[in-house]
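Work through these exercises with the model in view. Try each task before reading its solution.

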Amino acid sequence: MGNGEKKTIQLPYSQSVRELAALLNARAVDVIKLLMSNGVIASINQQVDYDTSAVVATELGFEPQPIQEVTVEEELGEIPLWRRVILEEDPKNLEKRPPVVTILGHVDHGKTTLLDAIRHTDVAGGEAGGITQHIGAYQITHKNRLITFLDTPGHAAFSSMRARGAQGADIVILVVAADDGVMSQTKEAINHAKAAQVPIIVALNKIDRPEANPDRVKRELADAGLQPDEWEGDTFVVPVSAKKKIGLDDLLETVLLVEDNLTILANPKGKCIGTVVEAKLDKTTGPMATLLVQNGSLAVGDTVVAGEATGKIKAMFDQRQKRVSKVGPSTPVMVMGLTALPEAGDLFQVVANEREGRAIVAERRAAREAKRSTKRATLEEAFQRYKAGEAKELRLILKADVQGSLEPIVNSLDELNKKHADINVKVLHAETGNVTESDVMLAAASDAVVLGFDVDADVASRRVAEAEGVSIRLYKIIYRLLEDVEKALQGLLEPEMVEKVIGRASVLATFKVSKGGTAAGCRIAFGEIRRNSNVHVVRGTEVITTAEVSTIKREKEEVRDVREGMECGITLKGFEEFAIGDVLECFVMEKFGG
């Protein structure tokens, strides 16, 4: 900017100090100093609004502008850093990149078979051997154009990527069996894709089966909000048989058609950033990770930071197990050289050197520890975020025991929307059944609250909710649920008290005690178990009872508590039916996010 002209920069309505520094190509410490000089005290991971960011950008010689276009990331959380990097590129340097496609759908409707069938339609552009290595993603060529497929189907994985700041794909192929139709998992997948505002193509699979009924399935799709294009809708429905390889060319043709209507761009020479597709530990080579480049180019010798892992890339392999030295946007590649395993969905970026990489990883670990005590979305905080301009709507995931309960809740929430014109209640997903891990991941990705009526939350979903900072509120009375939502809109809701697991013990044996009754011989797996505290008795994935700890004995002596690694005998008030393999989860009640 030596010629005196200011470079225009587009800023989102909210971002962390670290992300602002990355956008401005400045050191985070310099941004923090500028904030302090303007009366704002903020840590590196703290969120700052557009006005604050604009002041810093102006002082660093930029011409700030708010991002005008409404994108999924603006509506449902922050814009991922990789997309911001592309927004900051000079438009003259942007080129079209291959679309990234993921496949979602019901568990039995043929996702994996379809992925395998598509993989085998492309024999390396005529090269013998085809795709030989499963690296979690692959590219095929159709009509001389590349398409990248994420070979990790499943809507929980899809939302897990979004929850970590990545965009799972540019296009979703929804697999629906022509003989089975739209199932609960199909609706769930539709809601995950809609929440990400990613275009959906329906692959109507198993059309070769005699019981296939495409028209019935299309009606069900229309009822679920996907109006087929032949019924004047905007959803392409392509009949296929993955097993007999029927209609695959039509499906790939449709992907290219949808791609032509999207603007999928990147700068191959710009800053290198992308997403971790999967990672595994190899006995001979150490940590191996599949990285999907989304902007820039990745080369052997580059130092990368991926989540809480870093390292210099020693070697890269493509889907045909060939060594490659450099790859560009939308290309998946397996890399060797990271010092630890990143998580699928983590963002990666190239940094200047290993010292910088280690410093970033140390900051991220510290941020993760801090996050454990600062939770994300609660009903009582939703209105506060709205008043502060940080939220445009209250987002909900609804689960109910039966359809007859779900419908009046949704209708009543619509009435609340009309009553409170200044804020919008948005139901991202409404379905019958217990709260699942997939529900929690969708909530985490979308900064939503999970509400359940006359249902339970399984152990896996509770653990994910605790890790991701998601609020699950369960009700037995519909009007209490609606009352709490209305109170949240008015800023009157009392803070939520939630269970915090402080210890977990495994039952290794059972034995009779002298005073009568049965005790559980336990080993403490983590944390601590306290006398007079409450525990869940977990068998498999079900909580079979909740009871108070009556006594804890260690080496025949009664003790007040036991800690990780210790063995002891535990009795509970009113419960004796222990089984070997049960897990005792000790918990305390505390204010959510406190």
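**Exercise 1. Two helices side by side**

Task: Find how α14 passes α15, then work out how the two helices are oriented and which residues join them.

Solution.
- Step 1. The crossing of α14 over α15 is right-handed. This is a predicted model.
- Step 2. List the residues in contact. From α14 come E437, V440, M441 and A444, and from α15 come A460, S461, V464, A465 and E468.
- Step 3. Sort them by class. The contact of α14 with α15 has six nonpolar, one polar and two charged residues.
- Step 4. Take the geometry. Helix α14 covers residues 437-446, and its axis lies 8 Å from that of α15, at an angle of about 20 degrees.
- Step 5. Apply the cut-off. Angles under 35 degrees count as roughly parallel, so α14 is roughly parallel to α15.

**Exercise 2. Along α15**

Task: Say which residues of α15 are buried, and describe what lies at the start of the helix and just after the helix.

Solution.
- Step 1. Helix α15 covers residues 459-468, and its buried residues are V459, S461, V464, A465 and E468.
- Step 2. Compare with the contact list. S461, V464, A465 and E468 also take part in the contact with α14.
- Step 3. Think about spacing. An α-helix has 3.6 residues a turn, so residues three or four places apart point the same way.
- Step 4. Go to the start of α15. There, a side-chain oxygen of D458 comes to within 2.7 Å of the backbone nitrogen of S461.
- Step 5. Go just past α15. G469 has a positive phi of about 70 degrees.

**Exercise 3. A serine in α14**

Task: Locate S438, decide whether S438 is buried or exposed, and name its side-chain partner.

Solution.
- Step 1. S438 sits in helix α14.
- Step 2. Its relative accessible area is 9%. Buried means under 20%, so S438 is buried.
- Step 3. The side chain of S438 makes a polar contact of 3.3 Å with the side chain of H192.

**Exercise 4. Two crossings to classify**

Task: Classify the packing of α2 with α3 and of α6 with α10, and give the residues involved.

Solution.
- Step 1. Know what to look for. Two packed helices are described by the angle between their axes and the distance between the axes.
- Step 2. Start with α2 (residues 28-37) and α3 (residues 50-59). Their axes are 10 Å apart, at an angle of about 110 degrees.
- Step 3. Angles of 65 to 115 degrees count as roughly perpendicular, so α2 and α3 fall in that class. The crossing of α2 over α3 is right-handed.
- Step 4. V31, L34 and L35 of α2 meet T52, V56 and E59 of α3. By class, four are nonpolar, one is polar and one is charged.
- Step 5. Now take α6 (residues 111-119) and α10 (residues 248-260). Here the angle is about 90 degrees and the axes are 11 Å apart. Therefore α6 is roughly perpendicular to α10.
- Step 6. In α6, L114, A117 and I118 make the contact; in α10, L248, L251 and L252 do. The count by class is six nonpolar, no polar and no charged residues.

**Exercise 5. A glutamate in α10**

Task: Decide whether E259 is buried or exposed, and list its contacts.

Solution.
- Step 1. E259 belongs to helix α10.
- Step 2. Its relative accessibility is 5%, so E259 counts as buried.
- Step 3. A polar contact of 2.8 Å links the side chains of E259 and R145.
- Step 4. Set aside neighbours within four places in sequence. E259 then touches K96, R97, P99, R145, I171 and I264.

**Exercise 6. Positive phi in two loops**

Task: Place N25 and S330, and say whether each is buried or exposed.

Solution.
- Step 1. N25 is not a glycine, yet has a positive phi of about 55 degrees. N25 lies in the loop between α1 (17-23) and α2.
- Step 2. With a relative accessible area of 73%, N25 is exposed.
- Step 3. S330 is not a glycine either, and has a positive phi of about 70 degrees. Its loop runs between β20 (326-327) and β21 (332-336).
- Step 4. At 0% relative accessibility, S330 is buried.

**Exercise 7. The whole chain**

Task: How many helices and strands does the protein chain have, and what share of its residues counts as buried?

Solution.
- Step 1. The protein chain has 16 helices and 34 strands.
- Step 2. Of its 594 residues, 51% count as buried.
- Step 3. Take the contacts with a separation of 6 or more. Residues 24 or more positions apart account for 71% of them.

Definitions and conventions
Residues numbered from 1 in each chain as written. Predicted model: local features only at pLDDT ≥ 70, side-chain atom pairs only at ≥ 80, totals over all residues. Heavy atoms only, no water. Buried < 20%, exposed > 50% of the residue type's maximum accessible area, 1.4 Å probe, protein only. Helix = DSSP H or I, 4+ residues; strand = E, 2+ residues; numbered from the N terminus. Polar contact = N/O pair within 3.5 Å; in protein donor to acceptor, adjacent residues only side chain to side chain. Axes fitted to C-alpha atoms, helices over the stretch in contact; angles between N-to-C directions. Parallel < 35°, antiparallel > 145°, perpendicular 65-115°, else oblique. Left-handed = near helix turned anticlockwise from the far one by under 90°. Contact = heavy atoms within 4.5 Å. Nonpolar A, V, L, I, M, F, W, Y, C, P; charged D, E, K, R; others polar.
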